Amino acid sequence: MSRASIHRVFPLIALGLSACASSTLPTPDPQQAWIDVYATPGQTVSATRQDGQPAGDARYFQVAPGAHELQVRYQYEVNSASRDGVSESMQITCQLRVSYEGFVAGQRYRLEVRPLVLKAQGYLFDAQRRLLARAEVLRCGPI
């Protein structure tokens, strides 16, 4: 690719990336609880279901005060050695569910998911990083 071609393509790439980055979150409703979903950079966690219904936005949950069941999809990559000693990359996908009875309006929470060998673990924290609940792993495996 010529230098001139790169200079023509680069602005398009930058524009595309800035459009993704500018997708801002809505202002939290003070009458509801807000739950951020979080995974380490390079891993993906998405809100999938809220009380058995599809989640409205994969980046967070916003729920009425009280008890709720939340599900997330978590993806991460692991390296495994093959028989010939060459490292191979494998994508692991997990479904996790967390139930909590005490969501409070106007409060922020964080559902954090981490890898655990070929499984995952998830934790619900309040704004002061106090552990409120542990997630249950529904299923995990390579895709």
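User: Is E136 buried, partly exposed or exposed, and at what relative accessibility?

Analyst: Happy to help; note that this is a predicted model. Buried means under 20% relative accessible area and exposed means over 50%. E136 has 42% relative accessibility, so E136 counts as partly exposed, at 42%.

User: Which residue's side chain meets that of E136 in a salt bridge, and in which strand does this partner lie?

Analyst: The side chains of E136 and R97 meet in a salt bridge, at 2.8 Å from N to O. E136 is in strand β10, so the pair ties together parts that are 39 residues apart in sequence. The partner is R97, in strand β6.

User: Which strand gives the most to the largest nonpolar core?

Analyst: Good one! This core has 27 residues, and I35, F61, Y74, F103 and L124 touch the most other members. Several strands each supply at least two residues, among them β1, β7 and β8. With six residues, the top contributor is β6.

User: How many residues apart are R108 and D36?

Analyst: Their side chains meet in a salt bridge, at 3.1 Å from N to O. R108 is in strand β7 and D36 in strand β1, so the pair links distant parts of the chain, and the separation is 72 residues.

User: In the salt bridge between R114 and E112, which residue is buried?

Analyst: The two side chains meet at 2.8 Å, N to O. R114 has 28% relative accessibility, so R114 counts as partly exposed. At a relative accessible area of 7%, the buried residue is E112.

Terms used:
Residues are numbered from 1 along each chain as its sequence is written. This is a predicted model: local features need pLDDT of at least 70, side-chain atom pairs count only at pLDDT 80 or more; totals for chains, interfaces and linings use all residues. Side-chain values use heavy atoms; hydrogens and water are left out. A nonpolar core is a set of buried Ala, Val, Leu, Ile, Met, Phe, Trp, Tyr and Cys residues joined through side-chain atoms within 4.5 Å. Buried means under 20% relative accessible area, exposed over 50%, partly exposed in between (1.4 Å probe, protein chains only). Helices (H or I, at least four residues) and strands (E, at least two) are DSSP runs, numbered from the N terminus. A salt bridge is a side-chain nitrogen of Lys or Arg within 4 Å of a carboxyl oxygen of Asp or Glu.
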